[in-house]
Amino acid sequence: MPYAVISSPIGDLTLVGSHDDELVGLYMEQHRHQPAVETFGPRDDTILPKVVHELTEYFAGERTTFDVPLAPIGTPFQQEVWTALQDIPYGTTTTYGELALALGKPLSASRAVGLANGKNPISIIVPCHRVVGSTGSLTGYGGGLPRKQALLDLERGDALF
């Protein structure tokens, strides 16, 4: 799987692609669950031009949804959670409990939903940053809470990128 590194207003982003030009991973600097770069294929900063274009539009405040083909790798439950994350509208947030209920799971599944959310390999495009704690507080984020806040601010129109 080739990968590219691009600059963004929140730091460098590593994009991992499949051989079919699907996005497999999007990781931030010091991302908590990023696989070792040695597990990726060769670096090629020309791959995934559509992803780069859509991210550029997103950070410019010109894009609220993404159309790029995705191929995240995970368990069936993780896949279910990651699909549900894509249904959270731009500029809004939900809680882990609300996400569990939306998946048809009991409220007690919110911890499992949180764990799956934390393992999301495609940050930003699969918007795990839109999930907050039950009180509305910012809780864990693989890219760090300052980046989570920056993405939420961007989506509210408060960012100064």
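1. Is Asn-120 buried or exposed? In this predicted model, Asn-120 is buried, with a relative accessible area of 3%. You'll find Asn-120 in the loop between helix 4 and strand 5 (131-132). Since the cut-off for buried is under 20%, Asn-120 falls on the buried side with its 3%.

2. What does the side chain of Asn-120 reach? One target is the backbone nitrogen of Ile-122, at 2.9 Å. Another is the backbone oxygen of Val-126, at 2.8 Å. Setting aside residues up to four places away in sequence, Asn-120 touches His-31, Trp-82, Leu-85, Val-126 and Cys-128. So Val-126 turns up both as a polar partner through its backbone oxygen and in the list of residues that Asn-120 touches, a list that goes with a relative accessible area of 3% for Asn-120. For a sense of the fold, Asn-120 and Val-24 are 96 residues apart along the chain, and their C-alpha atoms are separated by 10 Å.

3. On to the nonpolar side. As a general rule, in soluble globular proteins nonpolar side chains tend to be buried together. Here, the largest nonpolar core has 38 residues, and Leu-13, Leu-26, Leu-55, Leu-85, Ile-124 and Ile-125 are the ones that touch the most other members. The elements giving two or more residues to this core are strand 1, strand 2, strand 3 and helices 1, 2, 3, 4 and 5. Apart from this core lies another one, of six residues, including Tyr-3, Val-16, Tyr-27 and Phe-40.

4. Leu-26 is a good residue to click on. Leaving out neighbours within four places in sequence, Leu-26 is in contact with Leu-13, Thr-14, Leu-15, His-31, Leu-55, Pro-121, Ile-122, Ser-123, Ile-124 and Ile-125. His-31 is on that list, and His-31 is also touched by Asn-120. Ile-122 is likewise a contact of Leu-26, and its backbone nitrogen is reached by the Asn-120 side chain.

5. Helix 1 next. Which residues of helix 1 (residues 49-59) are buried? They are Val-51, Glu-54, Leu-55, Glu-57, Tyr-58 and Phe-59. They pack against strand 1 (3-6), strand 2 (13-17), strand 3 (23-28) and helix 5 (145-156). Just after the helix, Gly-61 takes a positive phi of about 80 degrees.

6. Two of those buried residues carry charge partners. Glu-54 and Glu-57 are buried residues of helix 1, and they are linked with Lys-50, Arg-63 and Asp-67 in a network of salt bridges. In general terms, side chains of opposite charge can pair when their charged atoms come close.

7. The aromatics of helix 1 deserve a look too. There are five aromatic pairs in the model. Tyr-58 and Phe-59 make an edge-to-face pair, 5.3 Å centre to centre with 75 degrees between the planes. Tyr-58 is buried at a relative accessible area of 0%, and Phe-59 is buried at 10%. Tyr-58 also pairs edge-to-face with Tyr-90, at 6.2 Å centre to centre and 90 degrees between the planes. Tyr-58 lies in helix 1 and Tyr-90 in the loop between helix 2 and strand 4 (94-95), so this pair ties together parts that are 32 residues apart in sequence. Tyr-90 counts as partly exposed, at 22% relative accessibility. Ring pairs link Tyr-58, Phe-59, Phe-66 and Tyr-90 into a cluster.

8. How many salt bridges does the structure hold? The count is 10. One of the pairs is Lys-105 with Glu-80, whose closest N and O atoms are 3.7 Å apart. Lys-105 lies in the loop between helix 3 (96-102) and helix 4 (110-118) while Glu-80 is in helix 2 (residues 76-85), so the bridge ties together parts that are 25 residues apart in sequence. Both ends are partly exposed, with Lys-105 at 28% relative accessibility and Glu-80 at 31%.

9. Two further bridges. Asp-153 and Arg-156 meet at 2.6 Å, N to O. Both lie in helix 5, three residues apart, about one turn of the helix. An α-helix has 3.6 residues a turn, so residues three or four places apart point the same way. Arg-156 is partly exposed, at 46% relative accessibility. Arg-43 and Asp-45 join through their side chains at 2.9 Å, N to O; Arg-43 is partly exposed at 48%, as is Asp-45 at 39%.

Technical notes
Residues numbered from 1 in each chain as written. Predicted model: local features only at pLDDT ≥ 70, side-chain atom pairs only at ≥ 80, totals over all residues. Heavy atoms only, no water. Buried < 20%, exposed > 50% of the residue type's maximum accessible area, 1.4 Å probe, protein only. Helix = DSSP H or I, 4+ residues; strand = E, 2+ residues; numbered from the N terminus. Contact = heavy atoms within 4.5 Å. Salt bridge = Lys/Arg side-chain N within 4 Å of Asp/Glu carboxyl O. Core = buried A, V, L, I, M, F, W, Y, C linked by side-chain atoms within 4.5 Å. Phe/Tyr/Trp six-rings, centres within 6.5 Å; stacked < 30°, edge-to-face > 60°. Polar contact = N/O pair within 3.5 Å; in protein donor to acceptor, adjacent residues only side chain to side chain.
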